[in-house]
Amino acid sequence: MYANADLHCHSVVSDGTLTPEVLAARAHANGVDLWALTDHDEVGGQARALAAAQALGMAYITGVEISVTFAGTTVHIVGLGFDPTDPQMVQGLAATRGGRLERARDMAGQLAAVGIAGAYEGALRYVGNPELVSRTHFARFLVEAGVCRDTSEVFRKYLVEGKPGYVPHRWAALGDAVRWITEAGGVAVIAHPARYRFTPNEEFALFSEFQQHGGRGVEVVTGSHSASEAVRYADLARELGLAASRGSDFHSPDESHTDLGILPPLPADLTPAWDLVAAHIHPGR
Ligand code: AMP
Ligand code: MN
Ligand code: MN
Ligand code: MN
């Protein structure tokens, strides 16, 4: 039914560089026929995204990308088609965002210790939402300061485990994130599974606990997966009976190599994740 669904991207409400309105226009221009804005740990952009999509006649479904700590690793869970005003969801996301400013101070302290001054103030200049200072904002500052050539160099040399500026953080519990999404009427989806460096046993534990908590989907086609990774997770979706999702994970025209809507199709035999919340799709025209 939807040939070009793009259900993963970020606006200035989290760590993207475009507004919800500009993202909607870009998605529409690229042929997206079902869109979701999935800001990190935040639904503050949902009303704007929906209004912009409706003005363009593009179908919309609510979205979020929740940061979770599982087996000591950060995992991202995308929620689709939930009620963005659900109090448990709103409170859970607020709690998940809490602690980001303190973490940012600690990150800046580590960077100062290796001779990079002013990173806290520098990162904050890129922040659109004061509750959502992220590593991406630090990466933009480090490029501006001439420390690295681009943000991908930053994520090789800084801000990751074992490198200056990495501050471990405890995000939401897997079961809580899945519950907030499903109890608000949505479907929970494991984002970009190939990005996590789990052992096979840890990955198995992630998927089985996710399903036990009520999670029903996995991102198969994403800007973060190679073609062979998409094949691998399509197979896993079939094996586990999971629905499949598709999204660019677009953040910025200057940083993202996968643009909105410019992705291979989902394998036709898989159930699209949005079919599980079809009643919550705001139709286009
Ligand atoms: P945070 O939630 O503050 O830990 O920031 C995580 C964000 O950093 C992700 O959502 C990405 O936007 C960005 N990020 C993480 N790793 C990389 C990477 N290797 N290259 C580019 N961006 C990255
Ligand atoms: Mn991000
Ligand atoms: Mn992610
Ligand atoms: Mn994302």
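Student: Which residues coordinate the manganese ion (ligand 3)?
Tutor: E65 (OE), H76 (ND1) and H192 (NE2), at 2.1 to 2.2 Å. Donors are N, O and S atoms within 2.8 Å of the metal (3.2 Å for Na, K and Ca), and sites may look incomplete since water is not among the atoms.

Student: What kind of model is this, and how is it numbered?
Tutor: It is a predicted model, where local features need pLDDT of at least 70 and side-chain atom pairs need 80 or more, while totals for chains, interfaces and linings use all residues. Residues count from 1 along each chain as its sequence is written, chains are lettered from A and ligands numbered from 1 in the order written, and side-chain values use heavy atoms, without hydrogens or water.

Student: Back to ligand 3. What spacing do its donors follow along the chain?
Tutor: The pattern is E-x10-H-x115-H. E65 sits in strand β4 and H76 in strand β5, so this pair ties together parts 11 residues apart in sequence. Strands (E, at least two residues) and helices (H or I, at least four) are DSSP runs, numbered from the N terminus.

Student: Is E65 buried or exposed?
Tutor: Buried, because its relative accessibility is 0%. H76 has 13%, so it counts as buried too. Buried means under 20% relative accessible area, exposed over 50%, and partly exposed in between (1.4 Å probe, protein chains only).

Student: How far is ligand 3 from the manganese ion (ligand 2)?
Tutor: The two ions are 5.7 Å apart.

Student: Which protein donors does ligand 2 have?
Tutor: D15 (OD), H40 (NE2) and H251 (NE2), lying 2.1 to 2.2 Å from the ion. Along the chain they follow D-x24-H-x210-H. D15 is in the loop between β1 (5-6) and α1 (20-29), and H251 is in the segment after β8 (243-247). That pair links distant parts of the chain, 236 residues apart. Both D15 and H251 are buried.

Student: New topic. In what order do the strands of the 5-strand sheet run?
Tutor: β4-β5-β6-β7-β8, in an open sheet with mixed pairing. Two strands pair if DSSP finds at least two bridges between them. β4 (63-70) and β8 are the edge strands, each pairing on one side only. From one strand to the next, the twist averages 40 degrees.

Student: How many bridges join β4 to β5?
Tutor: There are 8, and the strands run antiparallel. E65, the metal donor, has V78 as its bridge partner in β5. F70 stands opposite T73. The two strands form a hairpin with 2 residues between them. In the turn, A71 has a positive phi of about 50 degrees.

Student: Is β5 mostly covered or open?
Tutor: Mostly covered, with 6 of its 8 residues buried. β5 also pairs with β6 in the antiparallel sense, over 4 bridges. There, I77 stands opposite I190.

Student: Which helix lies across these strands?
Tutor: α9 (residues 200-212) lies across β4, β5, β6 (187-190) and β7 (217-222). It runs at about 175 degrees to β6. Axes are lines fitted to C-alpha atoms, for helices over the stretch in contact (heavy atoms within 4.5 Å), and angles run from 0 to 180 degrees between N-to-C directions.

Student: What about the sheet of 3 strands?
Tutor: Its order is β1-β2-β3, open, with parallel pairing. β1 and β3 (59-60) each have a single partner strand, so one side of each lacks a neighbour in the sheet. 2 bridges join β1 to β2 (residues 34-35). D6 stands opposite W35.

Student: How much space lies in the largest pocket?
Tutor: About 1800 Å³. A pocket is an open set of points on a 1 Å grid over the protein atoms alone, with room for a 1.4 Å probe and protein on both sides within 12 Å along at least five of seven lines. Points join across faces, edges and corners, and the volume is the space filled by probe spheres set on them.

Student: Which residues lie closest to its centre?
Tutor: H76, R135, F155, V160 and R195, out of 47 that line the pocket. Lining residues have an atom within 4 Å of a point. β4, β5, α4 (100-113), α6 (135-144) and α7 (151-157) each supply at least two lining residues.

Student: Last one: where is P264?
Tutor: In the segment after β8. P264 counts as exposed, because its relative accessibility is 51%. Beyond its neighbours within four places in sequence, P264 is in contact with V221 and R246.
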